Every structure is written in structure tokens, then in C-alpha cells.
Amino acid sequence: MSGVPPSPPAPPESLDSSIVRMLMDATPDRIYFKDLESRFVRNNIAQARLLGMASPDQCVGKSDFDFFSREHAEQARADELEIIRTGRAIVGKEEHITLRDGKTEWVSTTKLPWRDSTGRIIGTFGMTRDITETKLAEEKLTEERNLLRTIIDHLPSRIYVKDLESRYLLNNRAHLAGLGATAQEQVLGHTLRELKPGERAETAMADDRAVMATGEPILNDEKSAVLDDGTTRWSLTTKVPLRDLRGEVAGLVGISHDITQRKLAEQELARRTEEMEADVLMARQLQEILLSRPYPVFPRGAAPEASALRFTHCYVPATTLGGDFFDLLQLSDTRCGLLICDVMGHGVRAGLLTAMIRGVFQEMGPRAADPALVMNELNEALCPIAEQSGQPMFASAFFALVDLETRTLHYANAGHPPPILIRHGSEIERLALPDPEPAAGLLARFAYTSGRTAFGPGDRLFAFTDGLIEATNPSGACFGEDRLCFLLGQCASAKFSGTCTQLLRTVRDFTGGTGALADDVCIVAMEFAAPSASA
């Protein structure tokens, strides 16, 4: 046909040989020959299948415009014209091709000039390899790499990767900022010694060498460093070996947390704790001073050994500052009030409440002659605190008023363990009201009642907090009131001044003597001294 250049001659005879044809058709890569007009002259089976043809012969005389999108066909024609013009090959060009049916794939294409026996270019020939799976894997890997980069760049911790020479391979944004850099390229391939020379860099690189030499990680290593501005920063660093596919150490991965704020908070907490412990210790000493004040004597001015009422006590707090206490109030030469109290909890709050209750009690003065009134006023002092704080604030209490003239003991009980009265002759009486009444601070405006019993020469009153009877032995059994009553009966004739100490020693033996008791223990005893024979 006029105006149309003739098709080039067939490929050399060697290409027509059965061996060459067999090799071409056996390879999964697509092989093709084109004339100077980019029309197919010969294709292997893989190329024919891609083009949707039943056999390679059906492709002869057609061009890329018959099979691919116009955009791809035009680019392919331009590449082939350049090869024909220059004689230079195109090697390994990656393309995203689109067939006319819409199917797409990634390929790697190599095209060379096709020459005849005289060296004249008569067309092009090429080989195209399907690399779609490889490209998809690369895209997936890139997505995962971008995701990892996004995650580590938004973490406040400083993250980095180093090679065997401690040169940086990867740094997240926080670590770059710590190095004074804004881009990965500024630190890539550099060591910390090069970027931040000094003792800190030498220490870090020594740690790197140890991790990579031994394969053992460094976990949560706390270090401090003084910056150029004189401030001290603390960090918590972990370094683990980075291994290649063969399991060999190829570098390390590090993560460093800035714990400066935590360390400063810990230092401030330690300072405040030290101050608080000093305050608590002072409060403990104050409690001990108040509990160790000289006992009152009856009548006033009498020698302690001649006092008609004698006292002894023991106090063991479970913590530095306890909530158990007792107090004595001398109303006259013949009347004495004894208050024992157990405030809920331990520590500073309990210590403050004991101070408040003691103040309320001491301010009552003559009004303490009515035991029920004492309980009422303690209750009314505690209830507003519980209401305003929104937390329970209560205390069990027992108050006894001894009258030496009438030889009576008038008492009231607000949820406290009933004291035990040992009468002359070892008779035991529990000072319990017919109906138990609530601890102070639980029920506002509760009307407490009182009881009365005889209290004569030789009688002894033992009041205690629940830490005594609730002490447990290794098997979990409580010391209990029955054991306490039996013990007090056994020592009724013993020397009065040592009874509380002996009682506490027995309880410790019962618990196994392993150390501190589980709860505060307060024991106070009062004796109506019997007149001597000479008197």
C-alpha cells in the first residue's frame, strides 16, 4: 500500500529455531518484536495472553493502540521512536499500564533497537516483566513505614535506631529536637559524639558498645545530665539490640523518656514527706507528753502514794500517730472523771480528732459531772465535721465519774468496749448499758444515757480500746473479752502499778510477739486505794 513502509524482514533464522521459540514461550516474561511503526512482528505466548489473543500470530500487525489505553500507547510509541532515533536502549523502566478493558498492572520494561545483519535499525524488541506483586508489597511496606513514622513522631519519648558504629539511621521528631535538628538528613550517619560532644556522648556510646557486644539490653537506665543552661534533666533509657534476618546484631534501637518532671515531683514529695514526718513525729511526742502527765492526786496536795485514787496506763500506737487516748479530769478532791476514746483510723486525721476531742472534754469543767452530757457534747462536736467533709468521722468513747464520798461510779458509753470492774475479792463486772449506744459522730442529736454502780476501796476499773481484745494470734483467733476477764481475775491481788504492763505483755505473747500490733492499744486502770491498817 502506497505511503506505508514495508514490514521488516523476519528475525534471523536462529530466532525461528525450535529451541529459541521454546525458550520464548516458556518464560513468564513478555517478549515482543516491533517494526519501525511500532507494529507487532512477533510475540511470545505470555505477551499474547496479556493482549487477550489466543495465539501470538493474532497480534502481528497490531500496535499498542489496539490493546492499551491511549496514554500508555502514546508513551510507548514515544519511547520506541527515541530508541530508533538514538539507538540507545531503555532498561528496567517501571510503568503502570492500563489495558483497554480497564485492567491495570505494574511492569518493568526493557527495550532495545532491533538491527538487521548489516546493523541497520529495523525496529525494536523488548521484554516486559509483571512486577505488580512486588510493587504492591513495596506500597504496603511504604504504608507501614509511613504509619510507623507517624506513630513514633507523635510519641513524646525519644526514639532512635543506630548501626554498629553508633551512627543514627532513624530518629523520631522528639529525638531530633533533643539533638537540635529539624530533619532526619541533618543527623543521618552521624554519631552522638559528632553532634553533641562531651561526657554524656561518651557514656551513651559506651552503653551502645556494651549492648551490641553482648546482645543484652539495657532496661530503664536512669541518668541525669546538666544542660548548657545549667538545668538538670533526667531520662529513663532503654536500649535493645537490633538483629538482622540471620539473627546477628546489626545495631540497636533506643527509647528515652524525659522524666524530669517526675523527678522534680518526687523530690518535692520527698521534701514534703520529710516535713510531714517531722510534724507527725512532733504530734506523736505531744501525744506521749499528754499521756505521760502526772496523775492527779486525791485530795490535792497529797503524796502520790497516799492518793485515794491511783492510776496506771499503757499506750501502743499501731502507726506513728494513733487515734486512741485517755484523759483525766479532776473536778474536786473527791470527784474524778476518766475518758477513754478510740478515734476511727490512724495517722494525721486521727491525731487531729483526738486533739479536738481532748479540748472539748477539758473545756467542760464542772459540766463533766453528768456522763451522759459528756457523750452528748462529744457527739455534737463530731457530727458537723462528718456532715461538712462528706466522710465518716466517729469515735467510740467511755466516760466514768468516780465519787469518793458516795463511793459510786457514774458512767456513759458511746459504742466503746465495756470496761471491766474488779471488786475487792475478785468479783468481775462488765460496765455495759442495757442497750448499746452508737459511737460519737454517727447520729446527730442522739440522747445518750448513763449507768451507775458502786465503787469502793480496793476496787479497780480497767478501760481499754478494741485493739486489745481484737489482737489475733497466728491462727486468727482473737484475744477476746473472756480471756481478758480471766486474766484480770488472776491478777486482782497483784501489784496495781504493773497490771497494765503485764496485760500488754500477755497480749503480745498471744499474738506471737512478731512485732507491732495491728491496731492502737490503750489501757488505763484506776484503783480506789484501800485504807492502810494504821490509818
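**Exercise 1. Find which residue just after α11 takes a positive phi, and examine the helix that precedes this residue.**

Step 1. Just after α11, G390 takes a positive phi of about 75°; helices, like strands, are DSSP runs numbered from the N terminus (H or I and at least four residues for a helix, E and at least two for a strand). The model is a predicted one, in which local features need pLDDT of at least 70 and side-chain atom pairs count only at pLDDT 80 or more, while totals for chains, interfaces and linings use all residues. Residues are numbered from 1 along each chain as its sequence is written, and side-chain values use heavy atoms, with hydrogens and water left out.

Step 2. Helix α11 has 19 residues (371-389), which at 1.5 Å a residue should span 27 Å, the expected span being 1.5 Å times one less than the number of residues; the end C-alpha atoms of α11 are 28 Å apart, which agrees.

Step 3. At the N-terminal end, D370 caps α11, with a side-chain oxygen 3.2 Å from the backbone nitrogen of A372.

**Exercise 2. Determine which residues of α11 are buried, and what covers them.**

Step 1. The buried residues (under 20% relative accessible area with a 1.4 Å probe and protein chains only; exposed means over 50%, partly exposed in between) are P371, A372, V374, M375, L378, N379, L382, C383 and A386. They cover an arc of only 160° around the axis, which puts them on the same side of α11; the arc is that of the directions from the helix axis to the C-beta atoms.

Step 2. On the other side of α11, E387 and Q388 are exposed.

Step 3. The cover over the buried residues of α11 includes β13 (335-343), α10 (347-364), β14 (395-403) and β15, where contact means heavy atoms within 4.5 Å.

**Exercise 3. Place β15 among its partner strands, and decide whether its faces are covered or open.**

Step 1. β14 and β15 pair in the antiparallel sense over 6 bridges, given that two strands pair if DSSP finds at least two bridges between them. F399 has A412 of β15 as its bridge partner. The two strands form a hairpin with 4 residues between them, and R407 in the turn has a positive phi of about 55°.

Step 2. β15 is also joined by 4 bridges to β18 (residues 451-454), in an antiparallel arrangement, with Y411 opposite G451.

Step 3. In a regular strand the side chains alternate between the two faces of the sheet. In β15 both faces are covered, since T408, H410, A412 and A414 on one side and L409, Y411 and N413 on the other are all buried; 7 of the 7 residues of β15 are buried, so the strand is largely enclosed by the rest of the structure.

Step 4. T408, in β15 (residues 408-414), has a relative accessible area of 17% and is therefore buried.

**Exercise 4. Establish how many disulfides the whole structure contains, and account for C336 and C383.**

Step 1. A search of the whole structure finds 0 disulfides, a disulfide being a pair of cysteine sulfur atoms within 2.5 Å.

Step 2. C383 is in no disulfide, and the nearest cysteine sulfur, that of C341, is 13 Å away; at 4% relative accessibility, C383 counts as buried.

Step 3. The sulfur of C336 is 15 Å from the closest cysteine sulfur, in C522, which is too far for a bond, and C336 is buried with a relative accessible area of 0%.

Note on methods. A polar contact is a pair of N or O atoms within 3.5 Å; within protein, one must be able to donate a hydrogen and the other to accept it, and residues adjacent in sequence count only if both atoms are side-chain atoms.
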